Amino acid sequence: MRAARLIKMVLLLQARPSMTAAELARELEVSERTVARDVLSLSEAGVPVYADRGRAGGYRLIGGYRTRLTGLGRSEAEALFLSGVPSALREMGLADAASAARLKVSAALLPELRDAATGVAQRFHLDAPAWYQEPETPALLPEIADAVWDDRRITARYLRKDTEVERELEPYGLVLKAGVWYLAARTQGDYRVYRVDRFTAVAVAEHRSASGAGNAGTEDAGTENAGERFTRDASFDLPAFWAERASQFARSILREEVVLRLSASGIRQLPYVTERTAAREAIARAQSEGGPDEQGRLTVTLAVESADVAYAQLLALGPEGEILAPPELRARFTAAAHRTAALYT
């Protein structure tokens, strides 16, 4: 384990001009004291690691030192081939490039490791789209992906509800979520998320126009800067940004509350019939505030999108959940229970 960590430290320092102890500790998932000990061990082994003192200091390799410890082991090669998402690469127009890259990596591997790609493909497969829906590739995805790769501004037409708007965007990254593509972009200094299938036209790189429905006028005034490259914010972290926005979105739609009493089975089922994080938070809060009653039933206050959505979701609990409030929702469940009982009488 320590040997692998030392190799990783050398490779990190080889890839960057300098790294602070805090940065290395974060990348290696160890303490800064462990980083200092590892640097000392590398120095004793003849690896020229130099420590710059001061507030802007850090560790760096001296004299363009390069390690030859870049060969791939079997588990590393298998992980590399596992990391691809074939359907996503195909939709972005990168299938040929990905195939060429895999061939080059395979050719560079030791003979006994060249079956790694086939072995992984027969054991793991990522199916990104959600169930019960036909995945559709947005028509403008390849053009947007090109702009993301090249850091080029785009001028785009976008459907917002029933209105088509035009925006100049700096496309930072693409996210594939349950079969739906989203673009993270900066506009007027603010980062926002756009569904790619709602773009109707895109102008990028020397006014080259890629158009779909409603593309009239994509080369009108306002596209003169569409082909210009923008300077990326080095602090932008796409996974962290997406996680934060996804969490904000999930919470923003939960505007109402429902009080219900759950059996032990209902407690187990609740995260599977409604918003999972909200359900788990509601259960944890109720258990910490008093826990189940004498019959083992737990009263929780659950955040929901609306009474209608709660009605559709919580019906799945059947007799394992009793709605206590609001009164209007309880009345709807009472009526539903009577109708259900009549069917089975």
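## Confidence

The mean pLDDT of this predicted model is 81, and 74% of the residues reach 70 or more. Confidence peaks in strand β11 (residues 321–325), at a mean of 96. It is lowest in strand β8 (residues 208–211), at 44.

Residues 207–227 have a pLDDT below 50. Even so, this stretch has 52 contacts in the model beyond near neighbours in sequence.

## Aromatic pairs

The model has 11 aromatic pairs. One of them joins Tyr-158 and Tyr-194. Their ring centres are 5.0 Å apart and their planes stand at 85 degrees, so the pair is edge-to-face. Tyr-158 sits in strand β3 (residues 154–160) and Tyr-194 in strand β6 (residues 190–195). The two are 36 residues apart, and the pair links distant parts of the chain.

Tyr-158 also pairs with Phe-199. This contact is edge-to-face too, with 5.1 Å centre to centre and 65 degrees between the planes. Phe-199 lies in strand β7 (residues 199–204), so its pair with Tyr-158 in strand β3 ties together parts 41 residues apart in sequence.

Are these rings buried or exposed? Tyr-158 and Tyr-194 are both buried. Tyr-158 has 9% relative accessibility. Phe-199 is buried as well, at 7%.

Elsewhere, ring pairs link Tyr-172, Tyr-191, Phe-230, Phe-236 and Phe-241 into a cluster. A charge also meets a ring: Arg-332 lies over the face of Tyr-311, at 4.1 Å from the ring centre.

## Salt bridges

Side chains of opposite charge can pair when their charged atoms come close. The structure holds 13 salt bridges.

Arg-157 takes part in bridges with Glu-164 and with Glu-166. The closest N and O atoms are 3.7 Å apart for Glu-164 and 3.6 Å apart for Glu-166. Arg-157 is buried, with a relative accessible area of 16%. Its partners are partly exposed: Glu-164 at 33% and Glu-166 at 32%.

Which residue forms a salt bridge with Arg-261? The partner is Glu-322, with the closest N and O atoms 2.8 Å apart. This pair links distant parts of the chain. Arg-261 is in strand β9 (residues 256–262) and Glu-322 in strand β11, 61 residues apart. Strand β11 is also where confidence is highest. Arg-261 is partly exposed at 24%, and Glu-322 is partly exposed at 25%.

Salt bridges also form a network, which links Arg-153, Glu-170, Arg-186 and Glu-228.

Technical notes: Residues are numbered from 1 along each chain as its sequence is written. This is a predicted model: local features need pLDDT of at least 70, side-chain atom pairs count only at pLDDT 80 or more; totals for chains, interfaces and linings use all residues. Side-chain values use heavy atoms; hydrogens and water are left out. Rings of Phe, Tyr and Trp (its six-membered ring) pair if their centres lie within 6.5 Å; planes under 30 degrees apart count as stacked, over 60 as edge-to-face and the rest as tilted. Helices (H or I, at least four residues) and strands (E, at least two) are DSSP runs, numbered from the N terminus. Buried means under 20% relative accessible area, exposed over 50%, partly exposed in between (1.4 Å probe, protein chains only). A charge sits over a ring if NZ of Lys or CZ of Arg is within 6 Å of the ring centre and within 35 degrees of the ring normal. pLDDT is the predictor's confidence in each residue, from 0 to 100. Contact means heavy atoms within 4.5 Å. A salt bridge is a side-chain nitrogen of Lys or Arg within 4 Å of a carboxyl oxygen of Asp or Glu.
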